Each structure stands twice: as structure tokens, then as C-alpha cells.
Amino acid sequence: MSDQKIQTAFQAFHEFHPTTSGDLIDGSQPECWIAPSSVEEASKAVKTAYALSMPIVIVGSGTALSLGAPVSQPFIVLETKNLNQIVEYVPEDLTITVGAGMSLAGLQAVLSENGQYLPVNPAPSDEVSIGGALATGMVGPWRGNVPSIRDLIIGATTIQGDGTLVKSGGRVVKNVTGYDLHRLHVGALGTLGIVAETTFKVVPLPAVSEIVITAVSSEEEAIAIGTELRRIGLAIRALTLLSEEVSLLLGVDESPHLLIDFAGSKSAVEFSKKQLEAMSASSPRLLDASFYRQLRRIFAGENRMIVRIGVLITAVSPVMKWMHAHDMAAYSNISAGHIMAELPRSDEISESTVLDLLRELRDLSESYAGYLILERAPESIRQAFVPLIDTNSALTAELARSLDPRRLLNTGRFEGS
Ligand SMILES: Cc1cc2nc3c(=O)[nH]c(=O)nc-3n(C[C@H](O)[C@H](O)[C@H](O)COP(=O)(O)OP(=O)(O)OC[C@H]3O[C@@H](n4cnc5c(N)ncnc54)[C@H](O)[C@@H]3O)c2cc1C
């Protein structure tokens, strides 16, 4: 298809601009870039792309565009930044409906005015969009103690691959009819539709929240303390095990540490801290609330190779030990069994060594019935490495076919989609 034909087809859409070599996604220059100003306009743009069989790459705030396999080309970009309105907020019902281009931080600011919040971890960057948070299915250290973003969506308006607008769920918490189709989009990396608007149930902000750190002698000790704290049913929002390497990067002593986020009423938090003191061999220290952001930022930046693994809590310790033996810095949410780890930098070891390490880690995760996702890596590694996640199942393929008949949305992001 000629460049001219594409430009003509999309130039009437909001914030249309031809692209430059600075707009590369997965190393390719999009044919053009649009940022529709309404859900209806976005739907019309997708219908236009469908008629031309032109693939679309969806962009939220653009912080995780290299997550998943590289997209196929050519493509146009549809950015959601102008779908950023609060559609409806009913504080008494604890529900809010917002455009998917709104930032998660912006949503929390609106909710906090009414003493409420969406109980998901603050994202590493204030720009992260709601659509991006949903599509990446990212969860932080709170998962396992508070609901995930997937549990908090009660309705959505999405755009299918042929441009059809679909509404699922509703704007009230007690919603009993229909399938929860909106939940399919969590973690789908935009391959099953564009999330245009979402309705969330929200909760009151806790009266007190405090973060405490304590040194532990081993991963096993951290998990034993964490399991016991959870068993007693204390006011815990997160339990994070920091490896020796991560502790060092964060400027605390060189030994594994357990990080505990307490949240609840003042008396519940005080009681919980006392219980922890009684269990810890070393004295727990209070930390600033910004520590979590620091933790997430340690793996940020260029030239990093980051993996995310999910295993049963009982397998966290052997996987973390394996990582330690292979010089990998790691931290783990020990309430949910998620581990984030960094491989040695690509300029420190050869590509074939990286791939061997990744395959070994994938086998290890598989032996514990877990999953492994490459969060960030150079494009050549992303091309060569197949993560441990079932993207080729008949069910996934059938879903993709019915929601995006020509496979035009983020084509190739999910290997086989
Ligand atoms: C609770 C939480 C914890 C996090 N923890 C970490 C962490 O520990 N480490 C870390 O590095 N990052 C973390 N993140 C950030 C996360 O990795 C992503 O960077 C972020 O969610 C992407 O948002 P974005 O708007 O920049 O999306 P983009 O980078 O713009 O897009 C990401 C993907 O989503 C698709 N997409 C975007 N918007 C839509 C939409 N409306 N509909 C369909 N598909 C869409 C895109 O096509 C792309 O495939 C966390 C985020 C959250 C919310």
C-alpha cells in the first residue's frame, strides 16, 4: 500500500502526524501516528485500518513497548493519551469509570480527594496509563494481599480488531449478567482489543501505612516469617524478599532482607509490628514510603535484561538461590510467588551465554510449574528466546480470531497470536 494512500486515510483523525525516525517501535518506523480524542473516533480509526488491512500498534504512555515479541510491520500507531477523561465517579458506590489513556497516578489523585484509592502498587513512573497497566497485567509487591487490577475491573468499553465497540460488565459492583470479557484484556498486550474505558471498584485509603525492613539469615527464614505473619492474619499489604545483591544495590547491609508493608487501622498496624519484632532476630527498621519506588527503579534503564517469573511460594527459595549462584540480583513478592531478576548486562557476557542462562532458568521455572516472561532485553534476544508462557493454545488463537479477525492489533506481540 502506498504511503500516500495511508496518509490520506488517516490524516483526518485527531493529532495525525507522519512519523520520523525518532518514532521507532521495535526498530521500525510507523506509517503514521494518531491520537483519537474520543472512543467513537478511535473506533472509526480502527474501522479504517480494518478496511485497509493495516496493522495497529497501541501506545499508552510508551514505557513498556518492548514487552512481548517484536511487532510485525508495517503498522500505524494509535495512541490513547487523549482518552483520558473521568467518565463517571460515584464515591458513595466506590466505583469510577475512566478513559484508558488516563495515568494511573492521575486516577489515584482524583480518588484520594475522597479518601479512596485503587489498591494497586504505584507504578514505577507517574505516566503509566491505565490501559498500559491493564494490557501488561503488571502487578507489584501488594499482589497476594490485595486484589490485582484484574480483580478490580468491573466493566469496560473495548474496540475489537474490526473497529466494533464492545461494552462488557457494568458500572456497579453488583453486576451479575454476562461474561467478564473485560478481564481477558489484562495481560493480553493489546492483542485482543483496544481498551478504551474501564470501570473499577475502589476502596477506602488505609488510615496508616508503614514500611519496615528486617535482615534475615536466609531466603527460607524470610519465607517462614512471612508465612507466619500471613497465617496470623495481620494488617499486611506486601511481603518482599530482597536478595543480597538487591539489598546492596539499595544501600542496606549485604544480606537478604524482608520488606513488610503494613496497612490498616493504627492499632492493627501497631499490633502487627509488635508481632514482627517478636519473630525477627534483628530489629526491624522503619523506611520511607518512597522505598518501593526505589526498589522498582533499580532495574530501570537502558541495556538491562529483566525477567519476571511466577512460581509457587515454596519454589521461591530454590529459584532465588539459583539466581544468586548465577550473579543475578532478584527480589520476590513472597505472598504471590513473583520474582523479578536482572541478568548480567549484555555488554558483560555474550549473547549465547545470555540465551543459555535464560533457557536454564526457563527449565527451572517449568520444573516448578511456573512461568517466565522477558520484561526487557535487546531485540536480538527477544527474537531468539521463547518465554515460558502458553501463547499458542487453541483457546488463545480462537479468542484472538473472534476478537481481531484479521489480527491487526499489536500483530506478533504475543508469539503466535
Ligand atoms: C502495579 C504496577 C506495578 C508495576 N511494576 C513494575 C515493575 O516492577 N517494574 C517495571 O519495570 N514496571 C512495572 N510496572 C510498569 C509496567 O511494566 C508498564 O511499564 C506499564 O504498565 C505500561 O504502561 P504504559 O502506559 O507505558 O503502556 P505502553 O508502554 O504504552 O504499552 C504497553 C503495552 O500495552 C499495550 N497497551 C497500552 N495501552 C493499551 C490499551 N488502552 N489497550 C490495549 N493495549 C494497550 C501496548 O500496545 C503495549 O503492548 C508496573 C505497573 C503497574 C501498574
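In which sense do strand 13 and strand 17 pair, and over how many bridges? I took this as my starting point. Strand 13, residues 236–242, and strand 17 pair in the antiparallel sense, and I found 3 bridges between them. The model is a predicted one, and I kept that in mind throughout.

**Entry: strand 17**

I stayed with strand 17, which covers residues 329–333, and looked up its burial; 5 of its 5 residues are buried. I then sorted these residues by face. Ala329, Tyr331 and Asn333 lie on one side, Ala330 and Ser332 lie on the other, and all of them are buried, so to speak of both faces as covered is correct. In a regular strand, side chains alternate between the two faces of the sheet.

Next I looked for individual partners. Leucine 242 has tyrosine 331 of strand 17 as its bridge partner. Tyrosine 331 also stands opposite methionine 340, which belongs to strand 18. For alanine 330, the bridge partner in strand 18 is alanine 341.

Strand 18 takes in residues 338–343, runs antiparallel to strand 17 and is joined to strand 17 by 5 bridges. I noted that the two strands form a hairpin with 4 residues between them. Glycine 337 sits in the turn of this hairpin and has a positive phi of about 80°.

**Entry: the sheet of 8 strands**

I followed the pairing outward from strand 17. The sheet is open, has 8 strands in the order 15-12-14-13-17-18-16-19, and is paired in the antiparallel sense. At its edges I found strand 15 (285–287) and strand 19 (371–376); each has a single partner strand, so one side of each has no neighbour in the sheet. Neighbouring strands here are turned by 25° against each other on average, with direction ignored.

I also checked what packs on this sheet. Helix 6, residues 219–232, does so, touching strand 13 and strand 14 (257–264). The direction of helix 6 makes about 175° with that of strand 13.

**Entry: glycine 310**

I picked one residue of strand 16, which spans residues 305–310, namely glycine 310. Is glycine 310 buried or exposed? I counted 21 other C-beta atoms within 10 Å of glycine 310, and 20 or more is the cut-off, so glycine 310 is buried. Leaving aside residues up to four places away in sequence, glycine 310 touches Gly337, His338, Gly370 and Tyr371. Gly337 is the residue I had already noted in the turn of the hairpin. I also looked up a pair distant in sequence: glycine 310 and isoleucine 373 are 63 residues apart along the chain, and their C-alpha atoms are separated by 8.8 Å.

**Entry: the sheet of 5 strands**

I turned to another open sheet, which has 5 strands in the order 5-6-10-8-9 and antiparallel pairing. Which strands stand at its edges? They are strand 5 (86–90) and strand 9 (165–169), and each has a single partner strand, so one side of each is without a neighbour in the sheet. The twist from one strand to the next averages 10°.

I looked at one pairing in detail. Strand 8, residues 153–159, runs antiparallel to strand 9, and 5 bridges join the two. Threonine 157 stands opposite lysine 167 of strand 9. Helix 2, residues 39–52, packs on this sheet and touches strand 8, strand 9 and strand 10. I noted an angle of about 145° between the direction of helix 2 and that of strand 10.

**Entry: the ligand**

How many residues surround the ligand? I found 34, and the closest are Gly60, Gly131, Gly132, Ala135 and Gly190. By class, the shell holds 19 nonpolar, 13 polar and 2 charged residues. Strand 3 (56–59), helix 4 (130–136) and strand 10 (194–201) each supply at least two residues of the shell. Helix 4 gives the most, with 5 residues.

**Entry: the whole protein**

Last, I looked up the overall figures. The secondary structure comes to 13 helices and 19 strands. The protein has 417 residues and a radius of gyration of 22 Å, which agrees with the value near 22 Å for a compact globule of that length. The C-alpha trace spans about 70 × 55 × 35 Å along its principal axes. Buried residues make up 44% of the 417. Of the contacts with a separation of 6 or more, 71% are between residues 24 or more positions apart.

Definitions and conventions: Residues numbered from 1 in each chain as written. Near = placed C-beta within 6 Å. Nonpolar A, V, L, I, M, F, W, Y, C, P; charged D, E, K, R; others polar. Buried ≥ 20, exposed ≤ 12 C-beta atoms within 10 Å, placed from the backbone. Pairing = 2+ DSSP bridges. Axes fitted to C-alpha atoms, helices over the stretch in contact; angles between N-to-C directions. Contact = placed C-beta atoms within 7 Å. Rg over C-alpha atoms; globule rule 2.2 N^0.38 Å.
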